[in-house]
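User: I am new to this structure and should be grateful for a close look at a single part of it. Please choose one strand, describe it in detail, and then place it in its wider setting.

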Amino acid sequence: MNATPAYQLIDRPEQLAPLLAALDRVQEASLDTEADNLYHYRTRVCLLQFYVDGEIYLVDVLAPIDLKPLWSRLATKHLIMHGSDFDVRLLYDLCHFRPKSLFDTMLAAQLLNRQRIGLAALLEEHFGVELDKDSQKANWSKRPLTQRLLDYAALDVYYLPRLRDLLTSELAVAERLEWLDQQCQRQIEAGTLGFPRDDENGWRLGRSERLRPTGLAVLHAVWHWREEWARKLDVPPFKVTGNELLLRIAESADHGLSARAMVESMHLGKRHDRLAPSLLQALEAGLARDPHTLPRRRGRDPNQQPLSADELALQDRLKTDRDRIAARLKLDPTLIANRAQLAQVARAPDKVDQVLLPWQSGLLRNEPALRADHPANRVATERAERSGKTVTQGELSFDETNSPPGEKSPSTDVSDQTDPSDDQLEQT
Ligand SMILES: [Zn+2]
């Protein structure tokens with residue numbers, strides 16, 4: 001294994017002073033957090049890892065330490081983080097902390113079109129370091145923290161400055177440093193909106209669009225059944241059942257299966273006997289419910305309305321432009337604009353600068369689809385002006401703007417994560 005760098009564990013109030021002093025000496029700090037979202041219903045920050053002025057500090061957030069002096073200092077520093085989306089939200093939730101500026105090494109790796117952008121992969125590639133993969137999924141709320149976990153936590157921040165330096169020079173050569181700045185700034189903006197709370201449409205999972213009214217009513221019922229159990233057991237919802245099972249139940253309901261037949265056809269893992277009776281009740285309630293009484297989608301949200309034929313055509317042309325540029329620049333197309341953003345631009349092409357970051361709209365603006373003199377484009381532009389719609393970045397849907405492409409943010413849909421150690425939920 002690797003030699004572990006020295007670190008200081010801070011779990012008593014009087015141990016905080018050296019970290020505060022270190023922060024006072026520097027302009028930047030590397031930061032990582034470990035949370036217990038794989039183990040509890042409500043996510044808590046359990047550990048903060050800092051690498052500041054050549055020293056590693058591990059702060060036990062569950063210990064009775066007043067961290068206010070830490071947050072006020074940190075708010076004036078440039079931060080180096082990896083995959084900061086979840087952490088920034090978490091810290092904002094914890095204490096309304098907002099980073100001044102940051103360098104996210106994962107976003108940097110994305111803009112360099114690295115195929116493996118996880119920290120473990122990057123550390124292995126550049127420093128020959130192996131991160132302990134089990135520790136990543138450990139229960140960070142357990143005390144005392146084991147040596148193994150602390151060692152892992154220390155390595156998580158130790159290489160960040162060197163990784164940053166390395167990625168910075170590559171980005172400079174590719175002339176993409178400015179792109180990264182914009183991405184990181186947007187990450188801060190999005191992260192300091194916190195997590196969406198108690199969305200009454202949270203139950204509308206992945207394929208739910210394709211369900212018929214009966215299936216929707218059943219999905220609504222079993223989703224709430226799962227939330228109730230997750231809260232009662234204090235586990236993340238995905239540890240009660242996966243989304244896939246809920247969707248399959250809803251689809252079976254659409255195919256006319258009875259509640260009893262559905263429950264009999266599945267196995268809910270180690271808690272089956274405890275969960276099954278209430279699932280049967282939830283299913284019966286769902287089947288009995290008048291689908292018209294389900295909570296409606298937010299009607300005002302223009303992004304939920306279907307696109308017109310003209311807008312769809314423009315969206316297709318935008319996508320063609322985007323994919324061509326992406327291939328030329330060797331970039332993941334969704335980094336230039338994801339699906340939701342393409343739809344928003346198609347709806348209001350004159351608002352492209354509000355929907356996309358400057359580097360993104362700069363790439364698209366002079367391509368055929370958006371060029372003002374494009375005959376097909378003019379119609380859409382005029383219509384957007386007539387309707388006076390304004391699309392701002394704040395309205396972009398949470399999960400689409402902030403997730404790394406092809407990956408679901410753990411913050412938005414914890415239930416999609418699968419924990420290999422969790423064997424409860426196979427359907428039989
Ligand atoms: Zn970590």
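Analyst: The account below begins with one strand and proceeds to its sheet, the loops and the helices.

This is a predicted model, in which local features need pLDDT of at least 70 and side-chain atom pairs count only at pLDDT 80 or more, while totals for chains, interfaces and linings use all residues. Residues are numbered from 1 along each chain as its sequence is written. The mean pLDDT of the protein is 86 (pLDDT is the predictor's confidence in each residue, from 0 to 100), and 84% of its residues reach 70 or more. Residues 389-428 have pLDDT below 50, and in the model this stretch has 81 contacts beyond near neighbours in sequence; a contact requires C-beta atoms, placed from the backbone, within 7 Å of each other.

The part chosen is strand β2, residues 28-35. Helices (H or I, at least four residues) and strands (E, at least two) are DSSP runs, numbered from the N terminus. Seven of the eight residues of β2 are buried, so the strand is largely enclosed by the rest of the structure. A residue is buried with 20 or more other C-beta atoms within 10 Å of its own, exposed with 12 or fewer, and partly exposed in between.

Strand β2 pairs with strand β5 (residues 78-81) in the parallel sense, over three bridges. Pairing requires that DSSP finds at least two bridges between two strands. One residue of this pairing is S30, whose bridge partner in β5 is I80. With strand β3 (residues 45-52), β2 pairs in the antiparallel sense over six bridges. In that pairing, D32 has Q49 of β3 as its bridge partner, and A35 stands opposite V45.

These pairings belong to an open sheet of six strands with mixed pairing, in the order β1-β4-β3-β2-β5-β6. Its edge strands are β1 (7-10) and β6 (101-104), each of which pairs on one side only. Neighbouring strands of the sheet are turned by 25° against each other on average, direction ignored. Such angles refer to axes fitted to C-alpha atoms, for helices over the stretch in contact, and run from 0 to 180 degrees between N-to-C directions. In a regular strand, the side chains alternate between the two faces of the sheet.

Helix α7 (residues 147-158) lies across β1, β2, β3 and β4 (55-60) and runs at about 50° to β3. The loop between α6 (133-136) and α7 holds P144, and the peptide bond from R143 to P144 is cis, with omega near -5°. Most residues other than glycine have a negative phi, and most peptide bonds are trans.

Two loop residues have positive phi values. H96, in the loop between α3 (84-95) and β6, has phi near 60°; this residue counts as exposed because it has 11 C-beta neighbours inside 10 Å. N113, in the loop between α4 (105-111) and α5 (119-127), likewise has phi near 60°. With 15 other C-beta atoms within 10 Å, N113 is partly exposed.

Further along the chain, T168 lies in helix α8 (residues 160-173). T168 has 15 C-beta neighbours inside 10 Å and therefore counts as partly exposed. Its C-alpha atom is 9.8 Å from that of A109, although the two residues are 59 residues apart along the chain.

The wider setting also includes helix packing. Helix α10 (residues 213-233) packs against helix α13 (residues 272-288) at an angle of about 145°, with axes 8 Å apart. Their crossing is right-handed; a crossing is left-handed if the near helix is turned anticlockwise from the far one by less than a right angle, and right-handed if clockwise. Residues of α10 in this contact include W225 and W229, while those of α13 include L275 and L287. By class, the contact has twelve nonpolar, four polar and no charged residues. Ala, Val, Leu, Ile, Met, Phe, Trp, Tyr, Cys and Pro count as nonpolar, Asp, Glu, Lys and Arg as charged, and the others, Gly among them, as polar.

Helix α10 also packs against helix α11 (residues 243-254), at an angle of about 145° and with axes 8 Å apart. The crossing of α10 and α11 is right-handed. Among the α10 residues that meet α11 are W223 and R226, and E251 and D254 are among those on the α11 side. The residues of this contact divide into eight nonpolar, two polar and three charged.

Conventions
Two residues are in contact if their C-beta atoms, placed from the backbone, lie within 7 Å.
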